[in-house]
Amino acid sequence: MTMPTSEPSQEEATESPLGSWIRRIEEVLFAIILIGMMVVGLIPVLARRFFPVGLAWPDPLSRQMVLWIALLGAGAATQARSHIAVDAVTHFLSRRARSGVRALTHFLSAVLSGAFAWFSVAFVRDMAEFEADNIAFLCVREWWLTLALPIGFALLALRLAIACIQDVRKSIRKTVEEGEPA
Amino acid sequence: MSPAIMLAILVLAVIGMPLFAVMGTSAVVNFWRAEIDFQAVIIEFYQLASKPMLQALPLFGFSGCLLAQSKAPQRLLRLSKAILGWLPGGMAVVCVVACAFLTAFTGASGITIVALGGLLLPALEKDGYGRQFSLGLLTTSGSIGLLFPPSLPVILYGVVSGVSIDALFRAGLLPGVLLVAVLALYGIWWGWRRKLPRSQFSVRELRGALWDARYEIPLPLLVLGGIYGGWLAISEAAVVAAVYVLIAETLLYRDVPLRRLGPIARETAILTGGILIILGMALALTNYMIDADVPGQLFEFAQGRMTSRFAFLVLLNLFLLGVGCMIDIYAATVLVVPLILPIAAEFGVHPTHLGVIFLTNLAIGYVTPPVGLNLFIATIRFREPILKLYWSALPFVVLLLIVLGCVTYIPVLSLFALPGN
């Protein structure tokens, strides 16, 4: 099984300049989402103390942030190679074979995520067509929020595809390294 | 599902396909075979944005990651040592209590072993506990705190099963204390028999340690008081705790510079995003399984073989121990709970009691040879061969299994704390 705690230093050491930019963007984004959840979550707790009214919008808003964390966090977990998996056999394979197997599982996961992005587009289209005027909270329409799904799944599919390509390259490169004198 | 497709999906899981993708694939295959529109999968997944209490997961996760990255583990250790170090086997007791505490706040994901192991292993060895004992104690202590608030696995169990999270925390209190106590008593016995050195109780050191931890001491009071006292909902407690930890560690202690918040936020997102996406896929998959009456069929299958509640519980224990050492506690919760909940209800097992059995079982699964996750984390952290860790962990696992037996077969240990009992 993979260990959910990533070692950032190790991850930083092997990443490309583009990868490093993506990681930094993610760091800022996740900090904004989490601090946003804290601010939005504090409002009803404080409001309840001073006013007798309950507010309807903070809770659904912070629940939307949970969805973004789920989808974007899964993308970051792909990059950090820390998805939860059973992984009972790859420990016993050679490094080259292991990279090959990982390329396969990442490829299939990318296809699945791509399919989910595709199904989501249809879902968003239906929501925009049949429930166009539904208000989720404040002036935010329900269907705007569903856009998180196609965007999130498409990005996840992209991350998985990149991981697959990296694995393929690793499995090829290691063949060369193994042939070289140590 | 046809056996061939089931086998193919199982092979994908075993060769390390991320679990969310394994579950997503099963969901898609099931919907396709049942000729349901694939949009339905998305609609089920979208429930992630409407389930109550889920905000607590990333927020408590953030508090845990932030605490682990600060000097809070050192301060926690100093304080535990000042309070408990004078006991026979004092250092062992300190280790158990500090680990339980940190695990409750970080979720049982090995963070405790990573954060405290490096401090505690040399301290235990210096006091003469022996490497074998120390390794076993540390590896097992890494998962025993997970019944206490604000443990993430308990919250996830509540979300998945629909059982009140407050009730779960109440019911888990005594079983959690028993797990801690049995390890602490073993440590005391070990220290007493070997006449290991104890530290002198010093009021001055205690005062120093208390002063050192002055900004962190209110945190458990806030969380425990808020949850047990009933004046904060779980998701609100998560908000308050995250804000409090953020202020304490960045502004008051200044342990964590503000520029480290990005990497810590990303670490939190990786940890909780990985759990949440599995939960989303599980929502799609289990709704299908319930529609297809899989729990009903499982129950019929079980009823033919198990005649009593007792037999059911024995089988449940064995099954969950197997599950617990093969898959992560979060994945196990979203996958297994919806299936066993209705069966347990048929056998008259209280859903809250089932939660306590389930989580205790999986906590022990973390350290059960041959494949418990914490054993692997410990081999990396302590640079020891896995076989040595098996032997080290074994006596501790046996003790925890005895507690598991008590918790499972004496329901009143969990249920007495619920209102109305």
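The following questions and answers concern a predicted model and the interface between its chain A and chain B.

Q: Why is the pair Arg266(B) and Glu26(A) called a salt bridge?
A: The closest N and O atoms of Arg266(B) and Glu26(A) are 2.7 Å apart. The rule asks for a side-chain nitrogen of Lys or Arg within 4 Å of a carboxyl oxygen of Asp or Glu, so the pair qualifies. Across the interface of chain A and chain B, the rule finds 1 salt bridge.

Q: What makes up the side of chain A that touches chain B?
A: α2 (17-50), α3 (58-79), α4 (95-130), α5 (142-146) and α6 (148-179) of chain A each supply at least two residues. The largest share, 14 residues, comes from α3(A). By class, this side divides into 37 nonpolar, 16 polar and 10 charged residues.

Q: How many residues does each chain bring to the contact, and how much area is buried?
A: Chain A and chain B contribute 63 residues each. The area buried between them is about 5,600 Å², and carbon and sulfur atoms give 78% of that area.

Q: Why does the radius of gyration of chain B agree with that of a compact globule?
A: For 421 residues, the globule rule leads to a value near 22 Å; chain B has 22 Å, and therefore the two agree. The C-alpha trace of chain B spans about 70 × 50 × 45 Å along its principal axes.

Q: What share of the residues of chain B counts as buried?
A: Buried means under 20% relative accessible area, and 63% of the 421 residues of chain B count as such.

Technical notes: Residues numbered from 1 in each chain as written. Chains lettered and ligands numbered in written order. Predicted model: local features only at pLDDT ≥ 70, side-chain atom pairs only at ≥ 80, totals over all residues. Heavy atoms only, no water. Contact = heavy atoms within 4.5 Å. Buried area = accessible area lost by both parts, 1.4 Å probe. Helix = DSSP H or I, 4+ residues; strand = E, 2+ residues; numbered from the N terminus. Nonpolar A, V, L, I, M, F, W, Y, C, P; charged D, E, K, R; others polar. Rg over C-alpha atoms; globule rule 2.2 N^0.38 Å. Buried < 20%, exposed > 50% of the residue type's maximum accessible area, 1.4 Å probe, protein only.
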